[in-house]
Amino acid sequence: RARQQHVDYDAVVVGAGFSGLYMLHLLREAGYSVKVYEAGDDVGGVWYWNRYPGARCDSESIYYNYTFSKELYEEWSWSSRFPTQPEILDYLNFVADKFDLRRDIEFGTRVTSAHFHEASNSWEVTTGDGETVRSQFFITGVGCLSTANLPQFEGIDRFKGDWYHTGNWPHEGVDFRGKRVGIIGTGSSGIQSIPMIAKEAEHLTVFQRTPQYSIPAENHPYDQAYIEQVKGDFENLRDSMRHSNSGLAIPPGERSALEDPPEKREKIFEEAWNKGSLYLLNAYNDFMVNADANESVSSFIREKIGEIVEDPEIAEKLKPTYYFGTKRPVLDTDYYETYNRDNVSLVDVKAHPIEEITERGVQTSAEEHELDIIVFATGYDAMTGTLLKMDIRGRDGTSLHDKWAGGSSVQTYLGLALNGFPNMFTITGPESPSVLSNMPVSIEQHVEWIHDFIQYMDEHNMTRAEAEAEAEREWSQHCREVAEQTLFVQTDSWYTGANIDGKPRGFPIYLGGVGPYRNICEDVASNGYKGFTLNSLSEQKI
Ligand code: NA7
């Protein structure tokens, strides 16, 4: 039963991925009534949809899980260093079963709108099937990379073959045997699936717009001794993740890459490359702020590409020129090696752009490529796309779309709350560090902070919390100032919005690091949720 009058639930949560599942668990344990709406037919969020061949997480398994329950951490064992999509989905199902979460989740149901009603201090939430419920709190757990980007190529409806987007993959899989396959896009999704598809297809044509830096994942099965050692070190592991910069317990570089002579640097790069994962990115501490330091590691990777790829012309095409790390670094298994296969070809669509999709395949400005299957690995409308797809209206009927001017002036307070949108919280929202971190760590921090805030409001008889305009303005400005000190803003990427036609540019990510951000949020909480206006129903301010 909801605590406030005239509502159906204390909280409505959107999404049943890592965020929504934990939010449900925590609020329900504290005695709140919660309803979760999930568009998919089961739990998992992005891991429910991303079923393309080779889909894996690029956080190491031991870090890519909840840490709120030691018992849960001990009960679950990952089979290899980087978890596959099916294994992550199994894990989330295990969590949903263990905590009996499904009974409060409505699957196959998309939230289409959420409108705040001032008089009743409630959110009216409407779903695709026309159902409307009211809740005191409206909490989004919609992920940062959950709205697929399908570029508007002319003629896609004419294509006689089959086409798929990696972010919305058929559950029954795709049979590539004997097929001429084309894949558009070489981000993480493309780079993970290309080696797998190449092994199966008759021929694979990769349409590359921007070459990417990819590092060998060095994936391997975990052995029992290692699993036990990690579990035995649970508290330390959790603390170091929570107070790290990235949410991973990978030690950060301690000095500038320019402090070491080239031979020593090369040795350190070589060791980090062989370790796999993101060790190379963390080899020194100034890759993201110093162009020369960045060039030292960027050129190291370019040389590796030249060594791995046998055909020098193809190798040149695969060498990136942007600053390493300013697009999300990719981890791979045999990505560059795949270009040594006879059945794989690389098409540079920056030199010869895709003009249209024809009945037979892909027409670039140079030639037509005949294909049976096209795979779009073209990414997501990141961070803001899924939020803006819902018709969210706050106080005075202002829409989120208008507040953010269609995305060109994204402003939030801590990436968690919005001025004008009382009692609404955004788990992993824009202007938090989440999307650049190991997600579960960031998610837990947000969920726990929101839960604590709701409890605090109850304890102080407050029913409404709204981020103040000034606090929001200052936070957004701080985010921008930090970003502008880095090389990130100099590269077109999904971080800046450049990957979506017509999307306004910005940089809605807090780059100050997971640990420092956690301290900022804790400081806000321990100062009576500074930056928020709190009201009781009688509108009394504290
Ligand atoms: P990404 O990283 O956004 O990659 C998308 C790829 O698709 C990238 O290579 C794009 O080239 C390419 N792309 C996008 N639109 C086009 C058009 N119109 N023509 C040609 N090529 C295009 O998405 P992913 O799904 O791989 O990964 C997303 C994140 O998920 C990843 O970073 C992890 O954090 C998990 P571009 O670079 O824009 O020139």
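Two packed helices are described by the angle between their axes and the distance between the axes. Axes here are lines fitted to C-alpha atoms, for helices over the stretch in contact. Keep this in mind for the first stop. The model on screen is a predicted one.

**Stop 1: a helix pair.** Select helix H1, residues 18-29, and helix H13, residues 439-459. Their axes lie 9 Å apart and make an angle of about 35°. The crossing of H1 over H13 is right-handed. Now show the side chains where the two helices meet: H1 contributes Phe18, Ser19, Tyr22, Met23, Leu26 and Leu27. On the H13 side, the residues include Met439, Pro440, Ile443 and Val447. By class, this contact has 10 nonpolar, two polar and two charged residues.

**Stop 2: strand E6 and its partners.** Select strand E6, residues 132-140, together with strand E1, residues 9-14. The two run parallel and are joined by five bridges; Ala11 stands opposite Phe137 of E6. Add strand E5, residues 122-127, which pairs with E6 in the antiparallel sense over four bridges. Val125 has Val133 in E6 as its bridge partner. Between E5 and E6 the hairpin has four residues, and Gly130 there takes a positive phi near 90°. Then add strand E18, residues 424-426, which pairs with E6 in the parallel sense over three bridges. Phe138 is matched there with Met424 in E18.

**Stop 3: a parallel sheet.** Move to the open sheet of five strands, ordered E7-E16-E8-E9-E12, with parallel pairing. Its edge strands are E7 (162-165) and E12 (344-348), each pairing on one side only. From one strand to the next, the twist averages 20°. Within the sheet, select E8, residues 180-184, and E9, residues 203-208, which pair over five bridges. Arg180 stands opposite His203 in E9.

**Stop 4: helix H5 and the ligand.** Select H5, residues 188-200. This helix lies across E8, E9, E12 and E16 (373-376), running at about 170° to E8. Next select the ligand. Which residues are closest to the ligand? They are Gly185, Gly187, Ser189, Thr210 and Gly379, out of 21 that surround the ligand. H5 supplies the largest share of this shell, three residues. By class, the shell has eight nonpolar, 11 polar and two charged residues.

**Stop 5: helix H8.** Finish with H8, the 14 residues 262-275. From first C-alpha to last, H8 reaches 20 Å, close to the 20 Å expected at 1.5 Å a residue. Gly276 follows H8, and its phi is positive, near 75°.

Conventions
Residues are numbered from 1 along each chain as its sequence is written. This is a predicted model: local features need pLDDT of at least 70, side-chain atom pairs count only at pLDDT 80 or more; totals for chains, interfaces and linings use all residues. The expected span of a helix is 1.5 Å times one less than its number of residues. Two strands pair if DSSP finds at least two bridges between them. Axes are lines fitted to C-alpha atoms, for helices over the stretch in contact, and angles run from 0 to 180 degrees between N-to-C directions. Two residues are in contact if their C-beta atoms, placed from the backbone, lie within 7 Å. A residue is near a molecule or strand if its C-beta atom, placed from the backbone, lies within 6 Å of it. Ala, Val, Leu, Ile, Met, Phe, Trp, Tyr, Cys and Pro count as nonpolar, Asp, Glu, Lys and Arg as charged, and the others, Gly among them, as polar. A crossing is left-handed if the near helix is turned anticlockwise from the far one by less than a right angle, and right-handed if clockwise.
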